Amino acid sequence: MPPANQYIDELSLEQDDINTRPPLFSENHLKYLNEKLAKLPPQKILEWALVTLPGLYQTTAFGLTGLVILDMISKISQDFAEENETLPQHLIPLIFLDTLYHFPETLQLAKRASTKYNVPLHIFKPIDCETVEDFEAQHGQKLWETDEDSYDYLVKVEPSRRAYEQFNVLAIITGRRRSQSGERGNIDILEIEKGTGLLKLNPLAHWDFAKVRAYVRANEVPYNPLLDKGYRSVGDWHSTKPLNNNSSNERDGRWEGRNKTECGLHKDYFKMRAAFVASKKKKSANVVVPSLSALSSLSN
Ligand SMILES: Nc1ncnc2c1ncn2[C@@H]1O[C@H](COP(=O)(O)OS(=O)(=O)O)[C@@H](OP(=O)(O)O)[C@H]1O
């Protein structure tokens, strides 16, 4: 693996690093599928996905919705094992993007949940970074404040694409729901990502927070202890707050006071990459290269 900056330069500035594929379903076929899927409970949607979609992974930040999905898949996997009198094996592996800025509670939950459900957990960090110190040495401090687009690209977008390439992921399950509103207000159960052809399955798209929480309680699903402290949607510690009394939406605690509702993972990949590339070019243009005469005066 080349050094991080070289890797990012090569991937992002020079090459088209993403395998783009023609969409697996035509627009009309997708519409038909979504109409059919909308009539099914999430467990049946997941069973359909398991028999239909190749290269299927669950991407999760261990939010409440993702945990419900994890529990449902675990129960499907157990039923399958019982029918075949074999040892249960969780059928869909997890991908978790460790931004390096998660709350410790989230990292502990990732361990706790993947152990409880005995599910393979693939963790991806920003390229060539094991720790926050590595990341800040390469990209500076508080990048989320100084260059939000580059931050989103480096901690979420690039690692996700690296994961999809490594495992030949063709379809992902996400925990997005319509009731989270904003850009999610109208999401379908099955989506095809523009340009890349990646399939995104949102099995709980039609559930609201109360329904998700009721499932968690009824099925004793492990969850983030921050929820009991007033948090609802949990992302990076630097841009997540508990809800206050005026909150009308469960995601109000994310990026408080800023005109931002998404971390970039579910935005147009090519636009995200273009923004990152533009910012990188701008930064390198701003680097003052000492003139030859200045250098020679230094050596005198
Ligand atoms: N870090 C990380 N790793 C893997 N997958 C992730 C990550 N962040 C977001 N997601 C996926 O996006 C779903 C919605 O997450 P959020 O509501 O937290 O929003 S955001 O994506 O951070 O903007 C989220 O749903 P959950 O499974 O409920 O966490 C995931 O499917």
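A residue counts as buried when its relative accessible area is under 20%, and as partly exposed when that value lies between 20% and 50%. Keep that in mind as you click around this predicted model.

**Stop 1: Tyr57 and Phe167**

Select Tyr57 to begin. Its relative accessibility is 12%, so Tyr57 is buried. Now add Phe167 to your selection. The two rings make a stacked aromatic pair, with 5.5 Å from centre to centre and 25° between their planes. Tyr57 sits in strand β1 (residues 56–59) and Phe167 in helix α8 (residues 148–167), so this pair ties together parts that lie 110 residues apart in sequence. Is Phe167 buried or partly exposed? With 22% relative accessibility, Phe167 counts as partly exposed.

**Stop 2: Tyr153 and Phe276**

Next, pick Tyr153 and Phe276. Here is another stacked aromatic pair, at 4.3 Å centre to centre with 15° between the planes. Tyr153 belongs to helix α8 and Phe276 to helix α10 (residues 269–286), so the pair links parts that are 123 residues apart in sequence. Tyr153 is buried, at 1% relative accessibility, and Phe276 is buried too, at 4%.

**Stop 3: a group of rings**

Want to see rings gathered in a group? Select Tyr101, Phe135, Trp144, Tyr151 and Trp237, which form one aromatic cluster. Across the whole structure, a search turns up 14 aromatic pairs.

**Stop 4: the cysteines**

Time to look for sulfur. A disulfide is a covalent bond between the sulfur atoms of two cysteines. How many disulfides does the structure hold? The count is 0. To see why, select Cys129 and find the closest cysteine sulfur to its own: that one is in Cys263, 17 Å away, too far for a bond. The cut-off for a disulfide is 2.5 Å between the sulfurs. Starting from Cys263 leads you back to Cys129, again at 17 Å. Cys129 is buried at 4% relative accessibility, and Cys263 is buried at 11%.

**Stop 5: Ser233**

For the last stop, go to the loop between α9 (209–218) and α10, where you'll find Ser233. Its relative accessibility is 12%, so Ser233 counts as buried. Which residues does Ser233 touch, leaving out those up to four places away in sequence? Show Thr240, Glu250, Arg251 and Arg254 and you have them. Then zoom in on Arg254: its side chain makes a polar contact with the side chain of Ser233, at 2.7 Å.

Key. Residues are numbered from 1 along each chain as its sequence is written. This is a predicted model: local features need pLDDT of at least 70, side-chain atom pairs count only at pLDDT 80 or more; totals for chains, interfaces and linings use all residues. Side-chain values use heavy atoms; hydrogens and water are left out. Rings of Phe, Tyr and Trp (its six-membered ring) pair if their centres lie within 6.5 Å; planes under 30 degrees apart count as stacked, over 60 as edge-to-face and the rest as tilted. Helices (H or I, at least four residues) and strands (E, at least two) are DSSP runs, numbered from the N terminus. Buried means under 20% relative accessible area, exposed over 50%, partly exposed in between (1.4 Å probe, protein chains only). A polar contact is a pair of N or O atoms within 3.5 Å; within protein, one must be able to donate a hydrogen and the other to accept it, and residues adjacent in sequence count only if both atoms are side-chain atoms. Contact means heavy atoms within 4.5 Å.
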